[in-house]
Amino acid sequence: MAVEYIRYRMAAHTPEALIAAYGDAATHLDLAPECLGYELTRCVEDPACLILRIEWTSTRAHLEGFRRGPHFPPFLAAIRPFIGEIEEMRHYELTDPAVRKG
């Protein structure tokens with residue numbers, strides 16, 4: 001499994017606009033077999049900062065499956081206005097220690 005983090009700092013748009021856009025884009029993540037789950041979080045101390053966390057079956061599945069598949073174009077169309085506000089977009093792998101409770 002790979003975890004993609006996309007870190008946004010909203011300057012040209014409101015955080016609410018990004019949240020709404022991902023509400024639309026989420027449909028396409030839900031349909032993609034490469035996507036295992038996702039969450040969008042907003043910083044409490046700085047509400048203009050948001051992080052999208054997406055779990056993919058693998059980095060390769062994301063880049064070669066999802067991005068070349070039928071669900072990527074409508075996903076990208078929904079979030080395209082916010083691309084310029086991305087500060088980081090990278091894949092990470094889990095390491096020890098890692099614990100999930102409930």
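The following dialogue reads the sheet, the helix packing and the nonpolar core of a predicted model.

Colleague: How many strands form the sheet, and in what order do they stand?

Modeller: The sheet is open and has four strands, in the order S2-S3-S1-S4, with antiparallel pairing. Strand S2 (35–42) and S4 are at the edges with a single partner strand each, so one side of each lacks a neighbour in the sheet. From one strand to the next, the twist averages 10 degrees.

Colleague: How many bridges join S1 to strand S4?

Modeller: S1 and S4 (residues 86–92) run antiparallel and are joined by six bridges. Within this pairing, Tyr5 has Arg90 in S4 as its bridge partner.

Colleague: Over how many bridges do S1 and S3 pair, and in which sense?

Modeller: Eight bridges link S1 and S3, in the antiparallel sense. Individual residues show the register: Ile6 is partnered by Leu52 in S3, Arg7 stands opposite Ile51, and Arg9 has Cys49 as its bridge partner.

Colleague: What joins S2 to S3?

Modeller: A hairpin connects S2 to S3 through six residues. The two strands pair over seven bridges in the antiparallel sense, and the partner of Gly37 in S3 is Glu55.

Colleague: Is S3 mostly covered or mostly open?

Modeller: S3 is mostly covered, as seven of its eight residues are buried.

Colleague: Which strands does H1 touch as it packs on the sheet?

Modeller: H1 touches S1, S2 and S3, and its direction makes about 175 degrees with that of S2. Helix H2 (residues 59–66) also packs on the sheet, in contact with S1, S3 and S4. The direction of H2 makes about 115 degrees with that of S4.

Colleague: How are two packed helices described?

Modeller: The description uses the angle between the two axes and the distance between them. In this model, H1 and H3 pack at an angle of about 170 degrees, and their axes are 8 Å apart. An angle over 145 degrees counts as roughly antiparallel, and H1 and H3 are therefore roughly antiparallel to each other.

Colleague: Which residues of H1 and H3 meet?

Modeller: From H1, the residues are Ala21, Tyr22, Asp24, Ala25, His28 and Leu29; from H3, they are Pro74, Phe75, Ala78 and Ile79. Sorted by class, this contact comprises eight nonpolar residues, one polar and one charged.

Colleague: In the largest nonpolar core, which residues touch the most other members?

Modeller: That core has 21 residues, and those touching the most other members are Tyr8, Leu18, Tyr22, Leu29, Phe66 and Phe75. Two or more residues come from each of strand S1 (2–9), helix H1 (15–31), strand S3 (49–56) and helix H3 (72–79). Tyr22, Leu29 and Phe75 are also among the residues at the contact between H1 and H3.

Colleague: What does Leu18 touch, leaving aside residues up to four places away in sequence?

Modeller: With those residues not counted, Leu18 touches Tyr8, Met10, Leu50 and Phe82. Of these, Tyr8 is also listed with Leu18 among the core residues that touch the most other members.

Definitions and conventions. Residues are numbered from 1 along each chain as its sequence is written. This is a predicted model: local features need pLDDT of at least 70, side-chain atom pairs count only at pLDDT 80 or more; totals for chains, interfaces and linings use all residues. Side-chain values use heavy atoms; hydrogens and water are left out. A nonpolar core is a set of buried Ala, Val, Leu, Ile, Met, Phe, Trp, Tyr and Cys residues joined through side-chain atoms within 4.5 Å. Buried means under 20% relative accessible area, exposed over 50%, partly exposed in between (1.4 Å probe, protein chains only). Contact means heavy atoms within 4.5 Å. Two strands pair if DSSP finds at least two bridges between them. Axes are lines fitted to C-alpha atoms, for helices over the stretch in contact, and angles run from 0 to 180 degrees between N-to-C directions. Angles under 35 degrees count as roughly parallel, over 145 as roughly antiparallel, 65 to 115 as roughly perpendicular and the rest as oblique. Ala, Val, Leu, Ile, Met, Phe, Trp, Tyr, Cys and Pro count as nonpolar, Asp, Glu, Lys and Arg as charged, and the others, Gly among them, as polar.
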